Amino acid sequence: MRILLFFVLVIIFFSCNKEDEEPQIIEQPPKSYMKNMIEPDTVNAYTGEYYIRAILNKSGADQSKELEFNETIQNMTVWYKPSSANFGMSSQGVVLSDSGTDEQLIVHFYFNTESDSLFTLAYADYKYANPWKNIEGINIEYYRPVLGSPNSSDLFMGDETGNSFFEITFIGVNRINGRFQTRWTGRAGSNGVYDVYGDFSIPIIKANIVDAK
């Protein structure tokens, strides 16, 4: 059902609360949902308002569309702690919602509760997660209302492609910065394919953080 994941997210949001503890710094090898480690962008790291930006081109079209949601104009919801496991997977993330258009941009972290109790953050290029296939990683997700159906939303999620990436470039005490490139495809009955790239700066989640030293 097209809006099933939307309702799951709503339940998660009501159960979340801010985590005030300092991030836990650990030393461990890369997780299976990291494709490779990268050099951090810590010299001139962005520290302004939180935002998510996505620039998308519909497959076969010449014109592009830019979505840039930030904490000042849009509503921001953060679930710092992992959700309860659903079919063996737990999730965390940040949502920026536009009350005028009912659109949402989400940076969503997924991990398998059979092997982990927290998501692991590192300076790395991550796999694109797919909760329906129990694939761990991160995803950039986009909800938009269905024309003529105000209670329904189309969902688009990123896929692994030949030139896709999802890089965490900065991990601070209070924020995560990153950038991505992927192909958005409609899920749960939604139609459409888009090439998309962008970047973000969002509040940090409760996670295991790999020491980059």
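## Close-up views of a predicted model

**Figure 1. Nonpolar cores of the predicted model.** The largest nonpolar core has 44 residues. Within this core, L121, Y126 and W184 have the most contacts. A second core, separate from the large one, has 9 residues, among them W79, I106, Y110 and M157.

**Figure 2. Surroundings of T185 in strand β13.** Strand β13 spans residues 175–187 and holds T185. T185 has a relative accessible area of 14%, under the 20% limit, and therefore counts as buried. Leaving aside residues up to four places away in sequence, T185 touches L155, F156, M157, D159, G192 and V193. With one of these, D159, T185 makes a polar contact between side chains, at 2.8 Å.

**Figure 3. Salt bridge between R187 and D159.** The closest N and O atoms of R187 and D159 are 2.3 Å apart. R187 belongs to strand β13 and D159 to strand β11, so the salt bridge ties together parts that are 28 residues apart in sequence. Both partners are buried: R187 has a relative accessible area of 10%, and D159 has 16%. Elsewhere, K35, D125 and E160 are joined into one network by salt bridges that share partners.

**Figure 4. Salt bridge between D154 and R144.** In this pair the closest N and O atoms are 3.6 Å apart. D154 is in strand β11 (residues 149–159) and R144 in strand β10, 10 residues apart. D154 is buried, at 9% relative accessible area, whereas R144 is partly exposed, at 24%.

**Figure 5. Salt bridge between D116 and K31.** The structure holds 10 salt bridges. In one of them, the side chains of D116 and K31 meet with an N to O distance of 2.6 Å. The two residues are 85 residues apart, D116 in the loop between β7 and β8 (120–121) and K31 in the loop between β1 (24–26) and β2 (34–37). D116 counts as buried, at 11% relative accessibility.

**Figure 6. Loop residues D102 and N134, with positive phi.** Most residues other than glycine have a negative phi. Phi of D102 is positive, near 65°. D102 lies in the loop between β6 (89–98) and β7 (103–112) and is partly exposed, with a relative accessible area of 48%. N134 also has a positive phi, near 60°. The loop that contains N134 runs between β9 (124–126) and β10 (137–146). N134 is partly exposed, with a relative accessible area of 34%.

Methods
Residues numbered from 1 in each chain as written. Predicted model: local features only at pLDDT ≥ 70, side-chain atom pairs only at ≥ 80, totals over all residues. Heavy atoms only, no water. Helix = DSSP H or I, 4+ residues; strand = E, 2+ residues; numbered from the N terminus. Buried < 20%, exposed > 50% of the residue type's maximum accessible area, 1.4 Å probe, protein only. Polar contact = N/O pair within 3.5 Å; in protein donor to acceptor, adjacent residues only side chain to side chain. Contact = heavy atoms within 4.5 Å. Core = buried A, V, L, I, M, F, W, Y, C linked by side-chain atoms within 4.5 Å. Salt bridge = Lys/Arg side-chain N within 4 Å of Asp/Glu carboxyl O.
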